[in-house]
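Trainee: Got a minute to go through this one with me? I'd like to talk about the empty spaces and then some helix packing.

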Amino acid sequence: MPPQIPGPQGLRALTLCLRPAAKPRATSLQPFIQTANISRKEKKRRMKQDPYGWAQSQQRKAAGVKRQDELKKVRDEAWGSPIHGIPTPFVESFDSAGQAPFSTPPVDIDGNPAGEAHELPTSSELRNFLLNEAEIQDAISQSYILTKPQEATMRTSTDPVLEENERAEHERNHQKAVEALKRITDLHNGNAKDRRHTNIRRCIDTFGRHSTDHSLERPTPPPARGVEPIPKPERGGPDTGSSEVQIAILTAKIRGLALKLEGPKGHRDKNNKRSLRLMCHKRQRLLRYMEKKERGSGRWEYLIETLGLSPATWKEQITL
């Protein structure tokens, strides 16, 4: 390496070399002393010479900035949240497992409602312990027949008053049993795990291909030009493994966990925050796969509209 000789301050270092340089160094065109911004002086001059024109330009600038802020707000609302997306009535019904007919409006600092309640889709036929209303009514009718006192064959030796008392006692016990069964199977008395199982059943019934193939107009994406669609065999049971069902189940789990972390002490729960991040990333991978395979189909549009999945849930990077 050739030796360098220090020069005066403000000049480059002198390089002593006995052979010609392969590439001469470019001279610096930067001044040693930075001058003031000329545009700032020009603005001050215009402001003094033409105050009315200056005020008009400032008004145009303020209107442009305001319009940019409005457009940015619209884009941010359309982009949504990577966790909740854009909440829809179906997603809000996950909080009560489809049992509440109306939503719970938010409250302000004083506890007064800050909005109006709106209707939610319900699944009132579903009960706790993986039961439904039809199964419970069938069990009630069977138990009534089994516990009903039998009438005596010899009517001459029977006491009518005693039989009437037995029938009345049977009716009272049956009503108590029915009321107890309703309270036991009521989802309002269940915990978060019971509501999660019920929401999984609702997602399977709503987004399963065993129902959407018949309810949607064009469930599958349009075939390529010159390719004939291949008919698929009928399903033997409910669909539990398709991408849209798994995305809906993950959305229900993400909402329940996110609402818990948004509580007063949720910032301390590092373990559940990591679990929420993993579920959001898993849903993002499924959404990207489904967008590639099902884009343009009724399944994709129905999933996005019902669950309120915005671009923030599957595009770009998700950071929580």
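Trainee: How do the residues lining the second largest cavity divide into nonpolar, polar and charged?

Mentor: Keep in mind that this is a predicted model. The lining of that second largest cavity splits into 3 nonpolar, 1 polar and 2 charged residues.

Trainee: Which residues line the second largest cavity?

Mentor: Phe207, Thr212, Leu216, Glu244, Arg299 and Tyr302. The second largest cavity has a volume of about 30 Å³.

Trainee: And how many cavities of 30 Å³ or more are there?

Mentor: The count is 2. The largest cavity holds about 60 Å³ of space.

Trainee: What lines the largest cavity?

Mentor: You'll find Ile83, His84, Gly85, Val91, Thr251, Ile254, Arg255, Arg283, Leu307 and Leu309 around the largest cavity. By class that lining has 5 nonpolar, 3 polar and 2 charged residues.

Trainee: Which helix gives the most to the lining of the largest cavity?

Mentor: That's α8, with 3 residues.

Trainee: OK, pockets now. What volume does the largest pocket have?

Mentor: About 670 Å³. There are 21 residues lining the largest pocket, and the closest to its centre are Thr220, Ile230, Pro231, Lys232 and Arg299.

Trainee: Which helices each supply at least two residues of that lining, the one of the largest pocket?

Mentor: α7, residues 209-215, and α9, residues 270-294. The largest share comes from α7, which gives 4 residues.

Trainee: How many of the residues lining the largest pocket are charged, and how many nonpolar?

Mentor: 9 are charged and 9 are nonpolar, with 3 polar residues besides.

Trainee: What about the second largest pocket, how much space lies in there?

Mentor: About 460 Å³. The second largest pocket has 17 lining residues, and Ala192, Arg196, Ala252, Gly256 and Leu257 lie nearest its centre. Two elements give two or more residues to this lining, namely α6 (192-207) and α8 (243-261).

Trainee: Which element supplies the largest share of the lining of the second largest pocket?

Mentor: α8 does, with 8 residues. The lining of the second largest pocket as a whole divides into 8 nonpolar, 2 polar and 7 charged residues.

Trainee: Let's switch to packing. At what angle do α8 and α10 pack?

Mentor: About 10°, with the axes of α8 and α10 (residues 298-307) 11 Å apart.

Trainee: Are α8 and α10 roughly parallel or roughly antiparallel, then?

Mentor: Roughly parallel, because angles under 35 degrees count that way. On the α8 side the contact is made by Glu244, Ile247, Ala248 and Thr251, and on the α10 side by Arg299, Leu303 and Leu307.

Trainee: What's the class mix in the contact of α8 with α10?

Mentor: This contact has 4 nonpolar residues, 1 polar residue and 2 charged ones. Some names should ring a bell here: Glu244 and Arg299 also line the second largest cavity, while Thr251 and Leu307 are among the residues lining the largest cavity.

Trainee: And how do α9 and α10 pack?

Mentor: At an angle of about 145°, with their axes 9 Å apart. Leu287, Met290, Glu291 and Glu294 from α9 meet Arg299, Trp300 and Leu303 from α10. By class that gives 4 nonpolar, no polar and 3 charged residues for the contact of α9 with α10.

Trainee: Last topic, salt bridges. How many does a search of the whole structure find?

Mentor: The search finds 13 salt bridges. One to look at is aspartate 76 with lysine 72, where the closest N and O atoms are 3.1 Å apart.

Trainee: Where do aspartate 76 and lysine 72 lie?

Mentor: Both are in helix α2, residues 51-79. Aspartate 76 and lysine 72 are 4 residues apart, which is about one turn of the helix.

Definitions and conventions
Residues numbered from 1 in each chain as written. Predicted model: local features only at pLDDT ≥ 70, side-chain atom pairs only at ≥ 80, totals over all residues. Heavy atoms only, no water. 1 Å grid on protein atoms, 1.4 Å probe; cavity = no way out; pocket = protein on both sides within 12 Å on 5 of 7 lines; lining within 4 Å. Points joined across faces, edges and corners; volume = space filled by probe spheres on them. Nonpolar A, V, L, I, M, F, W, Y, C, P; charged D, E, K, R; others polar. Axes fitted to C-alpha atoms, helices over the stretch in contact; angles between N-to-C directions. Parallel < 35°, antiparallel > 145°, perpendicular 65-115°, else oblique. Contact = heavy atoms within 4.5 Å. Salt bridge = Lys/Arg side-chain N within 4 Å of Asp/Glu carboxyl O.
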